[in-house]
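Here's a short tour for anyone meeting this structure for the first time. Have a look at the sequence and the model, then read on.

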Amino acid sequence: MAESESQEENYDDRGKKVDNFEMDMEELVAKMEELTVRVSWLAFDNIALQTNPELPRSMQHLEDVYLACKEQMKKRKEMLM
């Protein structure tokens, strides 16, 4: 009797280990996918900068104009209220 209970516990433990393994593998795959995307973007950015050295300056100008526009929109919204 004790032997069959021990086998059931071992079976349950194996089932839990398999479930834990599957969850761990899913988490690792998700992290690898995230890292792959990040590396791809880094490579893309590097290539873009090498082919067009003016790009950072242009992007900074766009960001400045966007922030100025956003600030103006905020002021006008306050005026309307």
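## A negative patch

Asp 19, Glu 22, Asp 24, Glu 26 and Glu 27 come together as a negative patch on the surface. Patches like this take residues with over 30% relative accessible area and no salt bridge, joining like charges within 9 Å and nonpolar side chains (Val, Leu, Ile, Met, Phe, Trp, Tyr) within 5 Å. Asp and Glu count as negative, Lys and Arg as positive, while His and the chain ends are not counted. The place of a charge is taken as CG of Asp, CD of Glu, NZ of Lys or CZ of Arg.

Glu 26 sits in helix α1 and is exposed, at 57% relative accessible area. Here, exposed means over 50%, buried under 20%, and partly exposed in between (1.4 Å probe, protein chains only).

## What kind of model this is

This is a predicted model: local features need pLDDT of at least 70, side-chain atom pairs need 80 or more, and totals for chains, interfaces and linings use all residues. Residues are numbered from 1 along each chain as its sequence is written, and side-chain values use heavy atoms, leaving out hydrogens and water.

## The chain as a whole

The protein chain has two helices and zero strands; both kinds are DSSP runs numbered from the N terminus (helices H or I, at least four residues; strands E, at least two). Of its 81 residues, just 1% are buried. The accessible surface is about 8100 Å², with 60% of that belonging to carbon and sulfur atoms; areas come from the Shrake-Rupley method with a 1.4 Å probe, and for residues only the protein chains shown count as cover.

## A nonpolar patch

Phe 21, Met 25 and Leu 28 make a nonpolar surface patch, with about 310 Å² of accessible area together. Leu 28 belongs to helix α1, which covers residues 2–51, and is partly exposed at 48%.

## One aromatic pair

The structure holds one aromatic pair (ring centres within 6.5 Å, using the six-membered ring of Trp; planes under 30 degrees apart are stacked, over 60 edge-to-face, the rest tilted). Trp 41 and Phe 44 meet edge-to-face, 5.5 Å centre to centre with 85° between the planes. They are three residues apart in helix α1, so about one helical turn separates them.

## One salt bridge

Searching the whole structure turns up one salt bridge (a side-chain nitrogen of Lys or Arg within 4 Å of a carboxyl oxygen of Asp or Glu). Arg 57 pairs with Glu 54, with the closest N and O atoms 2.8 Å apart. Arg 57 is exposed at 58% relative accessibility, whereas Glu 54 is partly exposed at 39%.
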